[in-house]
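This report covers aromatic contacts, a surface patch and a strand arrangement. Have the sequence and the structure at hand.

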Amino acid sequence: MATYEEIYGKRVDVLSSDPTLTAANEGQVWYNSTSGTLNTVGKTGVVVSATALPTATRASQSIGAAQDSMILATGANPGTNYSTNCFEYNGSGWTNAPAAGTARDQANRSGGVGTVTAGMIAGGAAPGSMVANTEKYDGSSWTETGNLSDSRGDGEMFGTQTAAALTGGYNSFTPPYWTNATEEFNGTSWTGGTASPLNTTGGCGCGTQTAGMIVGQRESPSNSYPGKAAVTQTRFYDGSAWSLGGTTNMAANANITAGTQSAAQKAGGAAPAPASYTNTEAWDGTSWTTGASLGSAFSNGCGAGTATASVFAGGQTPPGNLATVQEITESIGTISAAAWSASNAMVSGRSILGRAGTQTAALAIGGYYYPGSPEDTTKVESYDGSSWSEGPDLNEARYGMQCDGSSTAALAAGGISPGSPEFLGNSESWNGSSWTATPALNTARGYVGHAGGPAASTASIVFGGRVPGPANSNASESFNGSSWTATPNLNTPAFGRYGGGTSTAALSVGGTPPATGATEEWNGSSWTTVNANPVARAFRGQAGTQTDCIVFGSDSPAISTTQGYDGTNWSTRPALGTARNQAAGTGTSTAGLCFGQSPNSGITEEFTGEVETTAAKTLTTS
């Protein structure tokens with residue numbers, strides 16, 4: 001028998017404490033002389049809650065083969081049993097995908113057929129009838145193609161857009177209900193395949209047309225509903241014949257299984273419905289092994305991915321539908337989901353205020369204090385990652401101004417004077433200890449959009465806003481540290497914009513009136529309209545860069561919604577703990593800060609992206 005040294009190339013180290021661990025330590029073994037334990041770093045299944053669905057959905061179909069690339073298609077939403085809604089997941093959040101052509105639920109369940117640019121859905125239930133309809137998706141639109149020979153729902157499906165198989169399900173609302181018929185799809189039409197040994201329903205398929213399997217189904221030799229009970233049996237399909245596979249540890253139907261015939265992940269389920277489980281199991285091609293429990297129970301949802309990285313979304317557990325999303329990842333450590341968490345409030349609560357800095361070194365600048373006191377809106381506070389403290393005030397009270405930079409070098413320009421109200425053009429800069437007057441904007445304005453990042457005191461851009469009249473503006477101008485220069489205008493005039501980035505790579509989003517989600521990117525010479533934010537609002541907080549940012553909260557009424565932008569598309573992110581109205585934000589997309597609120601609130605929250613912490617595991621003998 002080979003020794004550890006022969007296998008790994010070195011001897012087991014004897015250490016007085018565990019080393020600082022990273023992914024590079026995977027597989028290493030050492031002896032901790034203090035604890036008297038033999039330790040290692042190895043992978044285990046880790047469950048983490050992910051960004052929730054936009055709408056609670058059950059009985060949907062899934063497209064995709066990756067944890068960070070899936071479409072949840074159709075299904076039953078609250079108040080709508082048969083839906084055309086489709087949502088796409090990118091690993092961080094959800095976007096609205098084009099609606100399917102046919103409303104349906106009671107999907108023929110799979111762990112994701114095809115990919116998000118070449119997928120398909122087939123069958124299901126519609127009002128008063130079963131569905132034979134098949135639709136293919138190319139990443140931008142749905143196209144109806146050949147119908148199933150036998151309309152049905154709640155069966156098991158697996159494969160790709162051009163080579164899929166479907167078996168089981170129910171094909172009628174009246175007896176006889178159930179079927180063992182199998183059909184195969186070639187990208188255009190369905191033809192008969194080999195029938196499964198028993199009638200099946202409520203299971204889930206995964207794998208390919210010629211190497212697929214069904215798991216977690218109910219089986220019966222007859223068509224009677226009472227005869228069907230959840231089974232532990234796994235069945236394989238090779239494109240021409242069915243065979244028995246290994247048995248699961250828990251009998252549960254309406255589960256989701258993602259992966260292949262040789263390596264899969266199974267999650268949730270019910271037996272009997274509608275009770276739901278948190279059980280997960282991993283399949284290695286030979287046997288099923290019970291894994292980490294889900295954070296919350298579900299059944300009748302959808303999912304996609306592999307045996308080592310899967311995602312499960314929606315479904316149901318009494319008394320209703322779920323928007324829950326959970327990921328299972330083979331990891332060497334502990335994964336903490338992205339989330340907002342409460343921190344200490346500002347000393348003086350206010351809204352429509354300026355911001356600068358990072359999550360651990362931020363400035364809250366000026367703002368509006370109802371019913372509008374000039375003394376209060378000169379206030380500046382600094383945040384050290386834990387608490388706020390008051391610092392030197394602005395020279396002039398203002399709110400709705402341009403403001404960006406760092407905690408030691410910031411710029412505040414324009415805005416509105418609360419006493420008049422008057423649109424301001426003057427500006428002032430912060431050097432870490434005091435505020436000094438700097439050159440004024442060419443156009444006095446308030447409620448502006450702005451960008452500059454850490455270098456804002458010497459390189460900023462201001463865009464849009466409200467100007468005397470009053471009127472909406474699309475004017476844009478940049479600052480080089482000594483003067484402001486007019487630059488090409490925005491494409492859409494609005495005030496209450498939110499944005500971020502730098503003076504040569506800025507993002508302008510939203511505004512009013514009317515409320516808009518219009519998004520534009522600045523490249524240093526021109527503005528280009530890009531994909532709009534799905535939430536048409538103004539006065540939202542923002543953190544991050546032009547190609548990697550989050551936006552959160554809104555103007556009245558307050559909302560907790562958070563979206564992320566990746567330079568191309570918008571998608572959902574975990575919501576704020578408290579709905580916000582006219583708050584400020586700074587930091588990055590993975591370390592953001594939200595503070596202030598109307599009226600006169602200093603409530604503060606920190607956003608932390610998903611974090612993986614590596615930990616040692618003790619080896620034992622038995």
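The text below takes up ring pairs, then a nonpolar patch, then an open sheet. The model is predicted.

**Aromatic pairs**

A search of the whole structure finds 25 aromatic pairs. One of them joins Tyr-177 and Trp-178. Their ring centres lie 5.6 Å apart, and the planes meet at 40°. The pair therefore counts as tilted, since stacked needs planes under 30 degrees apart and edge-to-face needs over 60. Ring pairs also link a cluster made of Tyr-368, Tyr-399, Tyr-447, Phe-495 and Phe-539.

**Accessibility**

The table lists relative accessible areas for both members of the tilted pair, and for Val-12 of the surface patch.

| Residue | Relative accessible area | Class |
|---|---|---|
| Tyr-177 | 25% | partly exposed |
| Trp-178 | 7% | buried |
| Val-12 | 35% | partly exposed |

**Nonpolar patch**

Val-12, Val-14, Tyr-31 and Leu-38 make a nonpolar surface patch of about 320 Å². Val-12 sits in the loop between α1 (4-8) and β1 (13-15).

**Open sheet**

Four strands form an open sheet, ordered β55-β56-β57-β58. Pairing is antiparallel. Which strands stand at the edges? They are β55 (541-544) and β58 (570-573). Each has a single partner strand, so one side of each lacks a neighbour in the sheet. On average, neighbouring strands of this sheet are turned by 25° against each other, direction ignored.

Strand β55 runs antiparallel to β56 (residues 549-552), and four bridges join the two. Gly-544 has Cys-549 of β56 as its bridge partner.

Definitions and conventions:
Residues are numbered from 1 along each chain as its sequence is written. This is a predicted model: local features need pLDDT of at least 70, side-chain atom pairs count only at pLDDT 80 or more; totals for chains, interfaces and linings use all residues. Side-chain values use heavy atoms; hydrogens and water are left out. Rings of Phe, Tyr and Trp (its six-membered ring) pair if their centres lie within 6.5 Å; planes under 30 degrees apart count as stacked, over 60 as edge-to-face and the rest as tilted. Buried means under 20% relative accessible area, exposed over 50%, partly exposed in between (1.4 Å probe, protein chains only). Patches are made of residues with over 30% relative accessible area and no salt bridge: like charges are joined within 9 Å, nonpolar side chains (Val, Leu, Ile, Met, Phe, Trp, Tyr) within 5 Å. Accessible areas come from the Shrake-Rupley method with a 1.4 Å probe; for residues, only the protein chains shown count as cover. A salt bridge is a side-chain nitrogen of Lys or Arg within 4 Å of a carboxyl oxygen of Asp or Glu. Two strands pair if DSSP finds at least two bridges between them. Axes are lines fitted to C-alpha atoms, for helices over the stretch in contact, and angles run from 0 to 180 degrees between N-to-C directions.
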